[in-house]
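Student: Hi! I have a structure open here and would like to talk it through. Can you help me find my way around?

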Amino acid sequence: MIVTTCETIPGKELEYIGLVASSSYDVPTTISKKQCIKQRQAAMKELTEDITYSATAVGADAVVGIRPISQAPSNITLVGTAVKFK
């Protein structure tokens, strides 16, 4: 499974399936900056795994265009487009 922030994958023709998204609401804001960075990195990894799982469930070969659409202090939401290779 390819997961990328790019809108295309070089050398691949894509068929768009639909959006996949995941949210996290447990990133604390009352910790040190270093701890906060580690927490956000862990949350991003988990969200990417969730998006990959959702994309696999709809038969996708990849997820392109992953973007954060919300980054409130205690919330991260990622969205991407599930695609199949033609």
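Student: Which residues make up the largest nonpolar core?

Tutor: Happy to help, and keep in mind that this is a predicted model. The largest nonpolar core has eleven residues: Val-20, Ala-43, Leu-47, Ile-51, Ala-55, Ala-60, Val-63, Ile-66, Ile-76, Leu-78 and Ala-82.

Student: Which elements give two or more residues to this core?

Tutor: Those are helix 1, strand 3 and strand 4. Helix 1 gives the largest share, with four residues.

Student: What about a second core? Which residues does it include?

Tutor: The second core is separate and has five residues, among them Ile-9, Ala-62, Val-64 and Val-83.

Student: Back to Leu-47. What is it in contact with, if I leave aside its neighbours within four places in sequence?

Tutor: Leu-47 is then in contact with Ser-22, Ser-23, Ser-24, Ile-76 and Leu-78.

Student: OK, zooming out. How many helices and strands does the chain have?

Tutor: There is one helix, and there are four strands. Starting at the N terminus, the order is β-β-α-β-β.

Student: And how far does helix 1 reach?

Tutor: Helix 1 covers residues 33-57, which is 25 residues, and spans 36 Å from its first C-alpha to its last. That is close to the 36 Å expected at 1.5 Å a residue.

Student: Which residues in helix 1 are buried?

Tutor: Cys-36, Ala-43, Leu-47, Ile-51 and Ala-55 are buried there. A useful bit of background: an α-helix has 3.6 residues a turn, so residues three or four places apart point the same way.

Student: What comes just after helix 1?

Tutor: Look at Gly-59, which takes a positive phi of about 85°.

Student: New topic: charges. How many salt bridges does a search of the whole structure find?

Tutor: It finds two. In general, side chains of opposite charge can pair when their charged atoms come close.

Student: Which residue does Glu-7 form a salt bridge with?

Tutor: Its partner is Arg-67, and the closest N and O atoms are 3.4 Å apart. This pair links distant parts of the chain, 60 residues apart: Glu-7 is in the loop between strand 1 and strand 2, while Arg-67 is in strand 3.

Student: Is Glu-7 buried or exposed?

Tutor: Somewhere in between: Glu-7 counts as partly exposed because its relative accessibility is 45%. Arg-67 is partly exposed too, with a relative accessible area of 38%.

Student: And the other salt bridge, with Glu-13 and Lys-86? How far is it from N to O?

Tutor: The side chains of Glu-13 and Lys-86 meet at 3.7 Å, N to O. They also link distant parts of the chain, 73 residues apart, with Glu-13 in the loop between strand 1 and strand 2 and Lys-86 in the segment after strand 4. Both Glu-13 and Lys-86 are exposed.

Student: I spotted Pro-68. Where does it lie?

Tutor: Pro-68 lies in strand 3. At 43% relative accessibility, Pro-68 counts as partly exposed. Leaving aside neighbours within four places in sequence, Pro-68 is in contact with Thr-77 and Leu-78.

Student: Last one, for the whole chain. What percentage of the residues count as buried?

Tutor: Of the 86 residues, 31% count as buried. The accessible surface of the chain comes to about 5400 Å², and 54% of that belongs to carbon and sulfur atoms.

Key
Residues numbered from 1 in each chain as written. Predicted model: local features only at pLDDT ≥ 70, side-chain atom pairs only at ≥ 80, totals over all residues. Heavy atoms only, no water. Salt bridge = Lys/Arg side-chain N within 4 Å of Asp/Glu carboxyl O. Buried < 20%, exposed > 50% of the residue type's maximum accessible area, 1.4 Å probe, protein only. Areas by Shrake-Rupley, 256 points an atom, 1.4 Å probe, with all protein chains shown as cover. Expected span 1.5 Å × (residues − 1). Contact = heavy atoms within 4.5 Å. Core = buried A, V, L, I, M, F, W, Y, C linked by side-chain atoms within 4.5 Å.
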